[in-house]
Amino acid sequence: MNAPILILGGTTQARQLAARLAAEGFDCLLSLAGRTKEPAAQPVPVRIGGFGGAGGLAVFLREGSFGLLIDATHPYASQISANAAQAANLSGVPLIALRRPGWQRQAGDDWRDVASVVAAVAALGDAPKRVFVALGRNELLPFEAAPQHHYLIRSVDPVELPLAVPQADYITARGPFAEEDERVLLEARGIEVIVSKNSGGAAAYGKIAAARTLGLPVVMIGRPAQPEVPGGETVEAVAGLVAHRLSLQKRGE
Ligand code: NAP
């Protein structure tokens, strides 16, 4: 039996990777931050909550005799990815990252690149607009600086403290979102501009494709820097690396 694998998750791909590795006979524990009130069902045992920084994660890895750490967190979850790299160094447990590639601009896309949510709010301009905001509910506060816009805000969990702006509607929904449904939503709500992260993957791409069809601009918040660690871009690639890595460990190489 291989030593157990700790997967830092919170993404669809982490769930898929866990299912794949479990089916291949690996003993996996999936870790979630606990941000989502009703997390999706997971195919392997789950633990929930922070570790108390990189040091806490290193202790967790050692005490659990984990043979491998996989960072399959969201590309914008930069703190946990930095912690994972540091904890791997501290504990000596190897780290593999699953980093899905960002979306690439296509002909017909009208993206306005910005570096942060604050910059995204500024990029909306002074004139009032109808804005579709597809960000986490904990990232919304900067929009209070631009109360002239009408916001349509979609998040996985309900926004508990409504924004201090006069016009905001809230939708609670979990992807995947189909392009056609997104187009219908954008048209029905008279949306003029979208604010999005460049999450990559298929589940959240529908709004980007729909924006292209409708000729709408997308204020695209750029990805934070991530530590350079070995890994792959797809579940298949990372599953292959894991099998290779653990077979080397078994042989003592
Ligand atoms: P973050 O800023 O990178 O992490 C903040 C702290 O939350 C970390 O220092 C860690 O606490 C804890 N944490 C984060 N992910 C964890 C995990 N998988 N297991 C255990 N603890 C975790 O992360 P975030 O942006 O708040 O995202 C939180 C989670 O939501 C991530 O797991 C991510 O995959 C998922 N998610 C994030 C986004 C996004 O846009 N940021 C989107 C979809 C899903 P300690 O230092 O105490 O260990």
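A polar side-chain atom of Asn83 lies 3.3 Å from an oxygen atom of the ligand. That makes a polar contact, because the term covers a pair of N or O atoms within 3.5 Å. Backbone atoms take part as well, as the table shows.

| Residue | Protein atom | Distance to a ligand oxygen atom |
|---|---|---|
| Phe51 | backbone N or O | 2.6 Å |
| Gln79 | backbone N or O | 2.9 Å |
| Asn83 | polar side-chain atom | 3.3 Å |

Taken alone, the ligand exposes 800 Å², and the protein buries 76% of that. These areas come from the Shrake-Rupley method with a 1.4 Å probe.

A word on the model: it is a predicted one, where local features need pLDDT of at least 70 and side-chain atom pairs count only at pLDDT 80 or more, while totals for chains, interfaces and linings use all residues. Residues are numbered from 1 along each chain as its sequence is written, and side-chain values use heavy atoms, with hydrogens and water left out.

Who else surrounds the ligand? There are 22 residues around it, and Ser31, Arg35, Phe51, Ile80 and Lys197 come nearest; a residue is near if one of its heavy atoms lies within 4 Å. This shell divides into 6 nonpolar, 13 polar (Gly counts here) and 3 charged residues. Strand S2 (28-32) and helix H3 (78-91) each give two or more residues to the shell, and H3 provides the largest share, 4 residues. Helices here are DSSP runs of H or I with at least four residues, and strands are runs of E with at least two.

Definitions and conventions: Polar contact = N/O pair within 3.5 Å; in protein donor to acceptor, adjacent residues only side chain to side chain.
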